[in-house]
Structure formats: structure tokens, C-alpha cells
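Got the viewer open and a free hand on the selection tool? Let's walk through this one stop at a time.

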Amino acid sequence: MAKQKTPALQIETYATHHVITQPNPLRKVLRRAGEKDTDDDPVARAEKALAGLSGEFRDWMEKETKRLLSAHAAVVEKGFTNETREELFRAAHDIKGDAVTFGYPQAAATAESLCRLIEHAPDLRKVPPDLIEHHVNAIQAIVHENTKLDTISVSSELSRRLRKVADEYLARVNRDRPDHLEAILAPSIVPAD
Amino acid sequence: MVNAGIPLDPGVMYRIDFNKLRFLVCDDNPHMRRILRTLLHSFGAREVYEAEDGATALEMYSHYVPDIVITDWAMPIFDGLELAQMIRQPESKGNPFAPIIMLTGHTEKRRVTVARDAGVTEFLAKPISAKGLYQRILNVVANPRPFIKTKTYFGPDRRRNTNNAYMGPERRVGEKAEVLQQPSLLDKARSAI
């Protein structure tokens with residue numbers, strides 16, 4: 001597909017913009033569904049393959065958690081610099097994005113709360129260190145205790161309370177920063193599917 | 001880009017031949033790259049190239065000329081947003097029209113708007129799902145949008161819905177019809193899944 005010639009462009013010019021069209025270069029990869037397709041569901045096939053990877057998820061989650069602990073240790077040791085802030089954010093952000101897939105939704109929720117703190121606190125040096133540490137420790141505890149059914153409700157409650165405390169803090173320190181306040185209070189607009 | 005070439009039959013269901021598509025996946029997290037690779041191969045893709053940062057991805061983009069780019073946002077060196085901006089250079093020697101799917105843990109409205117303004121074609125929020133990824137790919141293959149070039153923007157039409165009654169300050173002006181009509185193929189293709 002990729003070595004095709006670029007199809008001819010058609011450009012229409014307006015007062016403030018151009019509209020550029022060309023024949024759909026990916027049109028050739030669409031084919032009529034045939035009888036053999038009725039029993040073949042590519043999404044189901046992919047979900048099955050993803051389930052096949054699930055044996056590795058615990059190990060991956062532990063690696064992500066170690067990375068977060070290491071990033072937090074660097075913050076404790078050196079304070080918030082551009083570098084330590086960035087690494088702590090990246091580690092938390094990766095857990096936010098990956099942990100649900102790995103089977104740790106409460107870790108993802110707690111990591112999201114930590115990301116919001118890092119992103120929206122006007123001065124990270126003034127954020128109570130305990131608040132950040134509690135998030136990191138909670139993620140570690142959730143990951144370690146994930147297989148114990150009786151801890152799931154505790155994890156959920158822990159995550160919910162941390163988010164509440166973090167949100168109250170962010171709302172207070174951003175009361176004069178309407179753009180941040182709006183971002184903090186706004187729900188996600190991206191559909192999951 | 002509009003389906004101005006061979007028209008698709010409106011009464012027919014379509015499937016994607018993934019083995020004819022070349023993908024470039026850019027994510028600094030090795031676990032997420034593994035998941036993406038697994039999903040794409042399960043869909044039937046054979047050519048999946050991987051980069052762990054924006055700079056490497058840009059090099060690979062020029063070298064392998066992928067049909068579709070799937071990129072994370074937060075990455076070292078330069079991020080997914082900058083990658084999209086560099087690909088969407090109308091005067092560049094490379095292909096500035098390739099669909100870009102941004103797969104990210106960022107789900108705030110402001111972020112989605114920024115990604116859209118950088119020329120991102122589709123936005124997919126983590127946690128990733130086989131269904132969500134398939135639908136985004138289907139969308140860029142079966143339902144491409146025309147490109148718009150203004151003084152400050154080059155990329156897919158940011159308006160997915162036409163509102164002729166809109167008279168706000170950002171209304172495009174011109175004497176001709178302002179949005180080209182394109183056949184809607186997505187629903188038919190979706191029904192083939």
C-alpha cells in the first residue's frame with residue numbers, strides 16, 4: 001500500500017482557506033465482505049490475543065510501579081526540578097493509561113489523581129508532600145494486594161478518598177486560575193470506544 | 001481527503017484488508033507498544049513499525065512511508081503532538097496527508113482541541129480496547145475527511161458536522177459550498193464487523 005503514487009490533489013480556493021481533496025489512497029484496502037467473513041470477527045480475534053498477553057500484565061504493572069517509586073524517590077531527594085517533575089508525571093501518566101488494561105483500575109484512578117495534582121498545582125513545592133506520597137503508596141499497595149478479593153473495596157475507597165482530597169486541594173489553590181479550574185472540574189469528553 | 005476516486009457501492013458491506021496496510025506505532029512505553037503490535041497483528045496487519053520517541057518516529061515516517069500513524073502524546077525528545085505538526089507540513093517532501101491516530105491517557109477537552117489543531121485525525125483515549133482501535137482505523141480508511149489549509153492550520157477538516165446556520169467569528173467564508181459532500185461509508189463498514 002505504502003509505495004503507491006500520491007493521487008492527484010484537487011484544491012478549491014476560498015477567501016480564507018483551501019479545501020484539498022484527493023482520491024482516497026486507502027480505498028484499495030476496503031474489500032467487499034464475503035461469506036468467509038461471517039465467522040471471522042477481527043475485534044474478537046484481537047481481544048483473544050490481548051487475553052493471551054494477560055499472563056504478563058502483573059509483571060508489567062510491577063515494573064510500572066517500580067518506575068513510579070523511583071521517580072518519587074528522586075523528587076524526595078532532589079525536590080521538584082523540570083526533570084524530576086517530568087519523570088514523576090510520565091510514570092503516573094503511563095499507569096493512568098495502562099493499568100485498566102492490566103487489570104488494575106483503582107491504580108489507574110489513583111494515578112489519574114496524581115497526574116492532576118502534578119499538572120494543575122500552581123507550585124508543586126507547596127503541595128503537601130504527604131498528599132503525593134499517599135498517592136504513590138496507594139498505587140503500590142493496590143498493585144501488591146490486587147489479587148485479594150477483600151481488598152478491592154478498600155482499594156476503591158482509598159482511590160476515591162485520595163481523589164477527593166486532591167480535588168479539594170486543587171480547587172482551593174486554583175480559585176484565581178479559571179482556566180485550570182475549568183479543566184479540573186470538566187468531565188472527560190473523549191468516548192472510551 | 002474525500003473518496004473522489006472509485007465510489008463504494010452503498011449496498012455492500014466492506015472489510016479492511018489489514019495485510020495491505022503499513023502502520024507506524026510510536027509510544028515510549030514498551031508494554032503499550034507490545035499491546036498495539038498484538039492488536040494490529042491480530043487484525044491482520046503484517047507491517048507494523050515501532051518507534052519509542054517522536055524523533056525516531058519522524059525518521060521512520062520518511063523511510064517507511066506508513067499508511068497510518070498511531071502515536072502516544074507524552075514522549076521524550078519530542079512528543080506526539082510535535083510529531084503530528086511535523087508530519088502536517090504541506091510543503092514537505094513526505095506525505096503530509098497520512099491519517100494520525102493519537103492514543104493517549106490525556107482525555108481533557110483542552111487536550112483534545114490541541115491535538116485536533118495539530119492535525120490529528122482521530123483521538124483514542126486509553127485504556128485501549130480492540131474495538132476502539134478497530135473503529136478508529138475503520139474511520140480513517142472508510143470515512144476520510146477533506147484537508148483544510150488556512151494561514152494557521154493544515155490538516156483534516158476539524159468540523160465533523162456541517163452547520164450552515166453557524167455565523168460565529170470562526171466561520172469560514174467563501175462563495176462556494178464550504179464543505180465538500182462525501183459518501184458516508186462508516187456505518188456500512190461497521191455493520192460488517
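What share of the contacts in chain B with a separation of 6 or more comes from residues 24 or more positions apart? They account for 65%. Keep in mind as you click around that this is a predicted model, with scores of ipTM 0.87 and pTM 0.85.

**Stop 1: chain B, the overview**

Select chain B and switch on the cartoon. You should find six helices and eight strands, running β-β-α-β-α-β-α-β-α-β-α-β-β-α from the N terminus on. Of the 193 residues in chain B, 46% are buried.

Now colour by pLDDT. The mean for chain B is 83, and 79% of its residues reach 70 or more. Go easy on the two stretches at residues 1-6 and 175-193. Over residues 1-6 of chain B pLDDT stays under 50, and the model has 27 contacts beyond four places in sequence for them. Residues 175-193 of chain B also stay under 50, with 38 such contacts in the model.

**Stop 2: the largest core**

Show side chains for B:F23, B:I68, B:V69, B:I101, B:M102 and B:V141. These are the residues with the most contacts inside the largest nonpolar core, which has 59 residues. Helix α5 of chain B (residues 130-142) gives the most to this core, with eight residues.

Centre on B:M102 next. Leaving aside residues up to four places away in sequence, B:M102 touches B:T71, B:W73, B:G80, B:A115, B:V120, B:F123 and B:L124. There is also a second, separate core of 31 residues; to find it, pick A:A107, A:I118, A:A138 and A:I139, which are among its members.

**Stop 3: helix α2 of chain B**

Select residues 54-64 of chain B and look down the helix axis. Which residues of this helix are buried? They are B:G54, B:A57, B:L58 and B:Y61. These four cover an arc of only 100 degrees around the axis, so they sit on the same side of α2(B). Spin to the other side of α2(B) and you meet B:E59 and B:H63, both exposed. To see what covers the buried residues, add β2 (22-26), β3 (47-51), β4 (68-71) and α3 (80-87) of chain B, which are included in the cover.

**Stop 4: three backbone oddities in chain B**

Most residues other than glycine have a negative phi, and most peptide bonds are trans. With that in mind, click on B:V65, which follows α2(B) and lies in the loop between α2 and β4 of chain B. Phi of B:V65 is positive, near 50 degrees, and the residue is not a glycine. With 16 C-beta neighbours inside 10 Å, B:V65 counts as partly exposed.

Move along to B:I77, in the loop between β4 and α3 of chain B. B:I77 has a positive phi of about 70 degrees although it is not a glycine. It has 14 C-beta neighbours inside 10 Å and counts as partly exposed.

Then jump to B:P127, in the loop between β6 (122-125) and α5 of chain B. A cis peptide bond joins B:K126 and B:P127, with omega about 10 degrees.

**Stop 5: chain A, the overview**

Hide chain B for a moment and bring up chain A. Chain A has seven helices and three strands, in the order β-β-β-α-α-α-α-α-α-α along the sequence. Its radius of gyration is 23 Å, well over the 16 Å that the globule rule gives for 193 residues, so chain A is more spread out than a compact globule. Along the principal axes, its C-alpha atoms fill a box of roughly 60 × 50 × 30 Å. Buried residues make up 33% of chain A.

**Stop 6: helix α3 of chain A**

Select residues 82-98 of chain A and put a distance between the end C-alpha atoms. Helix α3 should span 24 Å, because its 17 residues are counted at 1.5 Å a residue, and the ends are indeed 24 Å apart. Its buried residues include A:L88, A:R90, A:H93 and A:D98. Bring chain B back here: the cover over the buried residues of α3(A) includes α2 (57-78), α4 and α5 of chain A together with α1 (30-43) of chain B.

**Stop 7: A:A121**

Last click: A:A121, in the loop between α4 (105-120) and α5 (129-144) of chain A. Is A:A121 buried or exposed? A:A121 is buried, with 20 other C-beta atoms within 10 Å. Not counting residues up to four places away in sequence, A:A121 touches A:V127, A:L170 and A:V173. Try a distance to A:N174 too: the two residues are 53 apart along the chain, yet their C-alpha atoms are separated by 7.4 Å.

Terms used:
Residues numbered from 1 in each chain as written. Chains lettered and ligands numbered in written order. Predicted model: local features only at pLDDT ≥ 70, side-chain atom pairs only at ≥ 80, totals over all residues. Helix = DSSP H or I, 4+ residues; strand = E, 2+ residues; numbered from the N terminus. Rg over C-alpha atoms; globule rule 2.2 N^0.38 Å. Buried ≥ 20, exposed ≤ 12 C-beta atoms within 10 Å, placed from the backbone. Core = buried A, V, L, I, M, F, W, Y, C linked by C-beta atoms within 7 Å. Contact = placed C-beta atoms within 7 Å. Arc of directions from axis to C-beta. pLDDT = per-residue confidence, 0-100. Expected span 1.5 Å × (residues − 1).
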